[in-house]
Structures are given as structure tokens and as C-alpha cells.
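Got the viewer open? Here's a short walk through the model, one selection at a time.

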Amino acid sequence: MVCLLCKQPGRLLHAQVPDYLLSGREAWDIHYCANDKLAWIDDSKSVTNLAAYYDSYHAHQAHDSVSTVSFSALKARYFFNYPAWPEPKASVKILDFGCGGAQLLKQLQAVGFDVYGVEFDEELVRSLASTLGVDKIYSVDKLGLLPENSFDAIVLNHVVEHLTDPLSILMSLQRLLRPGGVIMLATPNLEAWGRMLFAGRWRGWELPRHRYLFSDSALVKLLSMAGYKTDKVMFSSRLARGMFVSGFMPAWERLTVKPRWRYLLHLGGYIFAILARLLAYVGLAGKQEELIVFAHK
Ligand SMILES: [Zn+2]
């Protein structure tokens, strides 16, 4: 499988990396393009029954009761106070692509946006449509039914890394975005300290659910290929503590580890996150664990 961005063959970065987060079953090779700083898992080894790898996935639990938060809190937490993010009004349409259990979608609705969601998990689509309305929630194969130039903003909150064909999905979404409308993507940062520290055990790999891992330049290039203009690239350490702990301790070990080791790991995670933030002030912002890009049509 060649690089999505330059069509050249990549090199093998890590051989046989297992699903550290959830199952520990099976393993995948990770490939890397040094030109584009893009990593991916090989499609030639088919991921049989991908749904099984999402069985106990945190983002796929339906959120029945969602805590109400103010728009300023949502804007700070999810949109990093990006000044061009639209203010909540009933006339402002937002699409949450890969909405999962719809926690963010419901919070955006509660502050006054007109919200729509697209989700891959058919079971979730059915249950969300029954509570939010069939005109609000769509399965991914119905993406083409949504009207062109109709959304003011589109969110992909830790979704782009899960897509088997991110270019064609981003092109479909570009059609739905109104001219000047904003798209926001958050994803693990391939250039992060954590990847250097943990190598094949980095939390960001999360195989086989994550198919592509992006550097900032790779994501900007992908967005450009899909017809967007990037406005802002940002990095964050808000997930650094959890990523540090997961790097040392796969899910099945977490159940048996002694409490004092658990406390020490969490302490290490705090120090890791604080160090990453401090280093961001001396020109190393791009090494933080999360990459966030804002672009427009
Ligand atoms: Zn490439």
C-alpha cells in the first residue's frame, strides 16, 4: 500500500503492533512516508470484523444524560477558542462527523446550534435517530443525501485517524460545507513526544481502529487535496497524561496492576504533560500529543 499523499511506497516503521488498548488480539505492521510524515496500517491485511474491535470502545456508548455546559466552555474545550468559530444560533448548522454516542452533538444542540450527526456504527445511528430525529442522524452511506453548501461548520473530533479513505470522506464533506464555512479536525499528533518515548507502544497508534496517523504537514496537505484552505494549526497537551499512562500499561494490565504503581504512573503522566506544555513555550509546541487544524472551504 502506497502513501495516500505522494503515492510512493512507505517504509516499515514498526512490525506487528498489537491492539494494546482493548483486545491484545492480532497485530499490524505500521508503514511510514518520510516525505509526508504520514503513518498508516497496511490494508492488504484485511481487518476482519472491524466492529468487534469497537465492542467496548469509549466513544461508542450512547450518552443518555448529557451535562449541560455553556457555549464558552464548549468553545474553550473543543474549539480552542478559535475566533472564527460561529456563535450559537438556530440558523447555524453544524455537522458532527463520526459523532459516536453524540455527547458533543447534544451539548452543541443545548447551547442553540442546529446540529446534525453522521456515524458509522449502524446500531448507534438507529438509537440516536430515535431520540434526536431521523432527519438529524445519518449513517455514513447516506452522506450524499445531505444538501450541498448547507453547513456552517463541520467537526471531526478524533475521527480522521479512523477513516480507511480519509481523502474521499473529506471531499464529500467539502461539498456539504458552505463557502467560507469552517472545518475542525482533532487527531493524535504523529510528531508527538509520546511517539518518540513509546515507539510501537504509543497510545496514539490504537490499532486497528486508527488507520492513519498525521503530522501537521500531512494533515494540511490532505485538506488541501480535498479542497480546503488551512487557517490555523494548533497543538495541545490535554490528553498527554492519559496517553502516558496507556503507553506504559495496556488495558488488560490495568486491571491487575498494584495501586502504588498506578499512582506512580499517574504522577509520571502529570509530569509528562507539564513538561510538554513548558517545552511548548520554547518553540516545541509541535511535539504535544494532540494536533488540531481549522480550515475553510
Ligand atoms: Zn508520502
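Start by selecting Phe80, which sits in the loop between α1 (71-79) and β4 (93-97). Helices and strands here are DSSP runs, numbered from the N terminus: H or I over at least four residues for a helix, E over at least two for a strand. Check the backbone of Phe80: phi is near 50 degrees, a positive value in a residue other than glycine. Phe80 has 17 other C-beta atoms within 10 Å, so it is partly exposed. The scale works like this: 20 or more other C-beta atoms within 10 Å of a residue's own make it buried, 12 or fewer make it exposed, and in between is partly exposed, with C-beta atoms placed from the backbone.

A word on what you're looking at: this is a predicted model, where local features need pLDDT of at least 70, side-chain atom pairs count only at pLDDT 80 or more, and totals for chains, interfaces and linings use all residues. Residues are numbered from 1 along each chain as its sequence is written.

Now click Asn81, in the loop between α1 and β4. Asn81 isn't a glycine, yet its phi is positive too, at about 55 degrees. Is Asn81 buried or exposed? With 9 C-beta neighbours inside 10 Å, it counts as exposed.

Jump to Asp121, in the loop between β5 (114-119) and α3 (122-132). This one has 21 C-beta neighbours inside 10 Å and therefore counts as buried. Add Gly100 to the selection: it is 21 residues away from Asp121 along the chain, with 7.7 Å between the two C-alpha atoms.

Next, show helices α4 (residues 166-176) and α6 (residues 216-225), whose axes come within 9 Å and cross at roughly 55 degrees. Axes are lines fitted to C-alpha atoms, for helices over the stretch in contact, and angles run from 0 to 180 degrees between N-to-C directions. Which side chains should you light up? Pro166, Leu167 and Leu170 of α4 meet Leu222, Leu223 and Met225 of α6, contact being C-beta atoms, placed from the backbone, within 7 Å.

Select Leu207 and Pro208 for a cis peptide bond, with omega about 0 degrees. Pro208 belongs to the loop between α5 (193-198) and β9.

Finish on the open sheet, where 4 strands run antiparallel in the order β1-β2-β3-β9; strands pair if DSSP finds at least two bridges between them. β1 (11-18) and β9 (212-214) are at the edges with a single partner strand each, so one side of each has no neighbour in the sheet. For a last click, pick Leu12: its bridge partner in β2 is His31.

Terms used: Contact = placed C-beta atoms within 7 Å.
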